Structures are given as structure tokens and as C-alpha cells.
Amino acid sequence: MEKSLVLIKPDGVERKLIGEIIAMYEKKGLNITALKMIQPTREIAETHYAEHRDKPFFNELVTYLTRGKVCAMIIEGDNAVKIVRKINGATDPAEAELGTIRGKYALTKAENIVHASDSVESAVREIKLWFPEEAQ
Ligand code: CMP
């Protein structure tokens, strides 16, 4: 079954949105097959966002992801990568449809509540990083 790695970022945890967010994935029919609260180190955040290393907002992004606990999960189901990204909505909350997580709960591109793998290949890499105990 296809897998996606999802993070509810520190703003989502601080705002006590974990339950609402997980309910949206579950009600769609997806399965949460691993779940944990984790305080990210700078090292894990920098590795996770390695592709953004040269972006002007990289430092701000790492500081944001490491400022508190995140809720990390593996979500499985048919087309999980694409469907989770649809449920999350566009990266820019101003563009996100109102029924999506970002459309409902986020206001800025910098603090956009959730992260999800953008491809099956990214999901494999991110699952190894956040759930080394789960990766085959
Ligand atoms: P995410 O889907 O986790 O992938 C990259 C992250 O970078 C994105 O969510 C946002 O949190 C962040 N991001 C994207 N664009 C910007 C921006 N212009 N300024 C600050 N942060 C950004």
C-alpha cells in the first residue's frame, strides 16, 4: 500500500489541532499506521528540508520546525501521497481551498500547519528519517 509521511508542525500542535487533522485523513479512508510526538533536532530538520537549503527562508524554516514538538505519522492507502496533499491544500494558505487543512487553519506560507511527502520517493526517504524503526 502507498505510504506518505506527514508532520503536524509545531503551530498545529500548539493550536491543539492534532485531533481535527487526523480526523480529516481518517474520514477520507486513509490508515494511520505509525504515529509519534517528537521534538525535532536541528539535524533532523535540516536533513528533512535539505532540498530547501539554498532558499532565503531555510533558517527560518528550521527554527520553526524545531521550536516545539511535531506529530509525525505514516499514512497508508491507495494514492496516499496525492490524496494527503489534496487534504492538506496548497502550500500557500491564500491559494488553499477552504475545505483543506491549510485553507481552514493556516494564514501564512511560513507557518502552514502540516507537511506531507511530495512523491513516493520522498515518502521512502522521509519515513527512514522520522521512523527508522519502521523502514524496510
Ligand atoms: P512544506 O510543505 O513542509 O515544505 C517546505 C516548507 O517551507 C513549506 O511547507 C513552508 O513551511 C515553508 N515555506 C515555503 N515557502 C515559504 C516562504 N516563502 N517563506 C517561508 N517559508 C516558506
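Colleague: Which residues are around the ligand?

Modeller: In this predicted model, the residues around the ligand are Lys9, Tyr49, His52, Phe57, Leu61, Arg102, Lys109, Ala110, Asn112 and His115. Each of them counts because one of its heavy atoms lies within 4 Å of the ligand.

Colleague: What makes the pair between Lys9 and the ligand a polar contact?

Modeller: A polar side-chain atom of Lys9 lies 2.9 Å from an oxygen atom of the ligand. The cut-off is 3.5 Å, so this pair is a polar contact. Asn112 also places a polar side-chain atom 3.1 Å from a ligand oxygen, and for Arg102 the distance is 3.4 Å. Both values are within 3.5 Å, so these pairs are polar contacts as well.

Colleague: How much of the ligand does the protein bury?

Modeller: Taken alone, the ligand exposes 460 Å², and the protein buries 82% of that.

Colleague: Which pocket does the ligand take up?

Modeller: The ligand takes the space of the largest pocket, whose volume is about 520 Å³. Its lining comprises 21 residues, and Lys9, Tyr49, His52, Thr91 and Asn112 lie nearest the centre.

Colleague: Why are helix H4 and strand E4 named for this lining?

Modeller: Helix H4 (58-65) and strand E4 (114-116) are named because each supplies at least two residues of the lining of the largest pocket.

Colleague: How do the lining residues divide by class?

Modeller: The lining has seven nonpolar, five polar and nine charged residues. The shell around the ligand has four nonpolar, three polar and three charged residues.

How values were computed: Residues numbered from 1 in each chain as written. Predicted model: local features only at pLDDT ≥ 70, side-chain atom pairs only at ≥ 80, totals over all residues. Heavy atoms only, no water. Polar contact = N/O pair within 3.5 Å; in protein donor to acceptor, adjacent residues only side chain to side chain. Areas by Shrake-Rupley, 256 points an atom, 1.4 Å probe, with all protein chains shown as cover. 1 Å grid on protein atoms, 1.4 Å probe; cavity = no way out; pocket = protein on both sides within 12 Å on 5 of 7 lines; lining within 4 Å. Sits in = over half its atoms within 2 Å of the grid points. Nonpolar A, V, L, I, M, F, W, Y, C, P; charged D, E, K, R; others polar. Points joined across faces, edges and corners; volume = space filled by probe spheres on them. Helix = DSSP H or I, 4+ residues; strand = E, 2+ residues; numbered from the N terminus.
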